[in-house]
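Dear colleague,

I am handing over the structure we discussed, with the sequence alongside. Please open it before reading on, as my notes refer to residues by number.

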Amino acid sequence: MSARPNQESAAPQAETTSPHRAGFACFVGRPNAGKSTLTNALVGQKVAITSNRPQTTRHTVRGIVHRDDAQLILVDTPGLHKPRTLLGERLNDVVRTTWAEVDVIGFCLPADQKLGPGDKYIVKELAGIRKTPKIAIITKTDLVESKALAEQLLAVAALADELGFEWAEIVPVSAVKDQQVSLLADLIAPLLPESPPLYPEGDLTDEPEMVMVAELIREAALEGVRDELPHSIAVVVEEMLPRENRPADKPLLDIHANVYIERPSQKGIIIGPKGQRLKDVGTKSRKHIEALLGTPVFLDLHVKVAKDWQRDPKQLRKLGF
């Protein structure tokens, strides 16, 4: 995680009776535990891609929550998992590095899934981080009845007891239904260090625009593909340039991006019959990109093969990992 930004450029501190707080919090958990959806709900805008496929987050996206009393910088990490590739190992390294540098750690556990070996593995690692406050967040509470939720709350509390530490808080939330999301922010804020705002008012993320555009394209490409394909998809934005000779009141941004897969046989899956699937990917992602950038966009997508890129250090570097 990069160093904190220059505080001189930050917005002036609002006058409050209690000191203003600002700092970093990260959400951890096994893949598909609802971390990205929760980040987006807290920020109030899409800054992290979401998918019902596990292991879709590959970058630590910072979402910034501005409050009168505090500024929460949310670091969304990939799900910690047993790695099968070099990419998987690097994603796990990103998670552990992030844990060591944040002010608060939120452990996300879906309400509709029993505590499993993956959850226990993560919490055991968290138990070794003594100084950082840890909050247990039961996500997706809209999917279960109150009895199942109560059992999950008791189970996560018992696991901490077993490992010799206490959660600073245990909070059930539903990001989809916006239930207790603001309460979660209320509970994180007092755990942050006293500090003026670290980012200017209005900033919602410090992720570079080209990276966010690539992620929005990848999110659209993930929809409706076979189970094994999400881990094989990478997107690189090669160019983002304003179209020349356009009138000032009718700007157009040209975006050229490549969708990479690992094998020639996967190309047809992404492109679809008569190119329809790739066209749908472009249409869906362009709407989100235009909302993000606030300008009309012409999106030019190409599908390319980068053979076994998840296992090739040179290919990983080229694709930004």
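Below is what was found, taken topic by topic.

Please keep in mind that this is a predicted model.

I begin with the nonpolar cores. The largest of them holds 31 residues, and the members that touch the most others are Val28, Trp99, Ile105, Phe107, Leu126 and Trp167. Several elements each supply at least two residues of this core, namely the strands β1 (21–28), β3 (70–76), β4 (104–110) and β5 (134–139), together with the helices α2 (86–99), α3 (117–127) and α4 (146–163). Apart from this core lies another, of 25 residues, among which are Val213, Val237, Ile261 and Ile270. As general background, nonpolar side chains in soluble globular proteins tend to be buried together.

Trp167 may be a useful residue to display, and if neighbours within four places in sequence are set aside, its contacts are Phe107, Val123, Lys134, Ile135, Ala136, Val156, Ala157 and Ala160.

Next come the cysteines. A search of the whole structure finds zero disulfides. For Cys26, the nearest cysteine sulfur is that of Cys108, 9.2 Å away, and, taken from the other side, the sulfur nearest to that of Cys108 belongs to Cys26. Both are enclosed, since Cys26 has a relative accessibility of 0% and counts as buried, while Cys108 is likewise buried, with a relative accessible area of 0%.

A charged residue deserves a separate look. Asp119 lies in helix α3, and, at 0% relative accessibility, Asp119 counts as buried. What does the side chain of Asp119 make a polar contact with? The partner is the side chain of Arg30, at 2.7 Å. Not counting residues up to four places away in sequence, Asp119 touches Phe107, Leu109 and Lys114 as well as Arg30.

Finally, there is helix α6, which covers residues 209–222. This helix has 14 residues and reaches 20 Å from its first C-alpha to its last, close to the 20 Å expected at 1.5 Å a residue. Because 11 of its 14 residues are buried, α6 is largely enclosed by the rest of the structure. The buried residues of α6 include the charged Glu215, Arg218 and Glu219 alongside nonpolar ones such as Val213, Leu216 and Ile217. Among the elements that cover the buried residues of α6 are the strands β7 (234–242), β8 (253–261) and β9 (297–305), as well as the helices α7 (267–271) and α8 (276–293).

With best regards

Key: Residues are numbered from 1 along each chain as its sequence is written. This is a predicted model: local features need pLDDT of at least 70, side-chain atom pairs count only at pLDDT 80 or more; totals for chains, interfaces and linings use all residues. Side-chain values use heavy atoms; hydrogens and water are left out. A nonpolar core is a set of buried Ala, Val, Leu, Ile, Met, Phe, Trp, Tyr and Cys residues joined through side-chain atoms within 4.5 Å. Buried means under 20% relative accessible area, exposed over 50%, partly exposed in between (1.4 Å probe, protein chains only). Helices (H or I, at least four residues) and strands (E, at least two) are DSSP runs, numbered from the N terminus. Contact means heavy atoms within 4.5 Å. A disulfide is a pair of cysteine sulfur atoms within 2.5 Å. A polar contact is a pair of N or O atoms within 3.5 Å; within protein, one must be able to donate a hydrogen and the other to accept it, and residues adjacent in sequence count only if both atoms are side-chain atoms. The expected span of a helix is 1.5 Å times one less than its number of residues.
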